[in-house]
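User: I'd like to learn how to read helix packing and cavities. Could you walk me through an example?
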Amino acid sequence: MSVEPKRILVRGVNWLGDAVMTTPAMFRLRERFPQAHITLLTPDKLAGLWENQSWLNEVITFSGEDSLWSVGKKLRAGNFDMGLILPNSTRSALELWLGRVGNRTGYGGRARSIFLNRVVERIPGMVPMRKRSVEEIKGLIAGKPDTAPKPTFKDHQMHHYLHLVGALGAKTELLAPKIEVSAAERVAVLQKFGISTNGKLLLGLNVGAEYGPAKRWPVENFIHVARQVSESRQVVWLVFGGKGDKILAGKLEAGICSETGENGPQVVNLAGRTNLRELTVLLGACRAVLTNDTGPMHVAAASGTHVFAIFGSTSPELTMPGLPTGNEVTILKGNVPCAPCFLRECPIDSRCLISITVDDVCLALNRVL
């Protein structure tokens, strides 16, 4: 377009990990349009993630109760002259069309293309996520060759979003995902939860995975790692998780403390107690976090914390946190022929997760801490 946009509306994605992976594209968008007012339309559950981000001027939220018409009404009030749609759904494109957002850009697909002014072609040759069938998994375990295309880091989800902003004239070179947290926020949140290290190492554990058990390393293994690390270091462990993780987190807390007694490591169980902004701040306060492949994994890495990321059914090539070439992330994954399968539950014996041993993880931790 010949005239630079003054008011840009970005339709954000719906899931925490995906949201973090859009941040390189958002910084590139700000770099391309330094004077524009950039507004993000986001599910209200993710609003806390976007507080105090330097590339962003304003956030508009919607809930599951909002209809297409009510979202469109909110957007019409903003008089946006450019729209960028990150999700692939028809609904997201229709929202901006109903909101009379000008110059709407996004990937095409089925009915949504008619609501776009600029349809962006996908990057040729990218290997997408593909769930394996049970029969395929059993065949691979039995020794059949794997003929499916194998993803590499050039297929990472971050490139998908950078390619979109590239269509608007932005640079597409990869940046590290980044969530900004101020020092004042950190002090306030640590005080709120009564967390004081007194010179001890602050480490995090994230034992849940909302996607399903195929992404959850056994909680007993987390316990053994925490105990071994605590034998040689003074540690304050922060146990993270949502309301649905309370049982697992409670088991983890009890397991770490059961044999160490009063002289053992301090454990602060935060499962279900933090909002998203507080979770973000606390993940960023840790020296390192051991985590399953989850949204908080991405938040921790984007907040500058070293992440030890356990991958089971999914692919680090497509969704690893941080930069593929960075030193702030340690990927831990098993070498099994059926992974990645992208299933929520393993149809055989969870060998991709079980093959990652406690010793493997402790060795990785000790190299970094």
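User: Are H7 and H10 roughly parallel or roughly perpendicular to each other?

Analyst: A quick note beforehand: this is a predicted model, where local features need pLDDT of at least 70, side-chain atom pairs count only at pLDDT 80 or more, and totals for chains, interfaces and linings use all residues. Residues are numbered from 1 along each chain as its sequence is written, and side-chain values use heavy atoms, leaving out hydrogens and water.

Two packed helices are described by the angle between their axes and the distance between the axes. Here, helix H7 (residues 183–192) packs against helix H10 (residues 276–285) at an angle of about 100°, with the axes 9 Å apart. H7 and H10 are therefore roughly perpendicular to each other (65 to 115 degrees counts as that).

User: Which residues in H7 and H10 meet?

Analyst: From H7 come Glu-185, Arg-186, Val-189, Leu-190 and Lys-192; they meet Arg-277, Glu-278, Val-281, Leu-282, Gly-284 and Ala-285 in H10 (contact means heavy atoms within 4.5 Å). That contact divides into five nonpolar, one polar and five charged residues.

User: How many cavities of 30 Å³ or more does the structure hold?

Analyst: A cavity is a set of points on a 1 Å grid over the protein atoms alone where a 1.4 Å probe fits but cannot get out; lining residues have an atom within 4 Å of a point. This structure holds three cavities of 30 Å³ or more. The largest has a volume of about 90 Å³. Of its 14 lining residues, the closest to the centre are Ser-313, Cys-338, Cys-341, Cys-346 and Cys-352. The lining divides into 10 nonpolar, three polar and one charged.

Notes. 1 Å grid on protein atoms, 1.4 Å probe; cavity = no way out; pocket = protein on both sides within 12 Å on 5 of 7 lines; lining within 4 Å. Points joined across faces, edges and corners; volume = space filled by probe spheres on them. Nonpolar A, V, L, I, M, F, W, Y, C, P; charged D, E, K, R; others polar. Axes fitted to C-alpha atoms, helices over the stretch in contact; angles between N-to-C directions. Helix = DSSP H or I, 4+ residues; strand = E, 2+ residues; numbered from the N terminus. Parallel < 35°, antiparallel > 145°, perpendicular 65-115°, else oblique.
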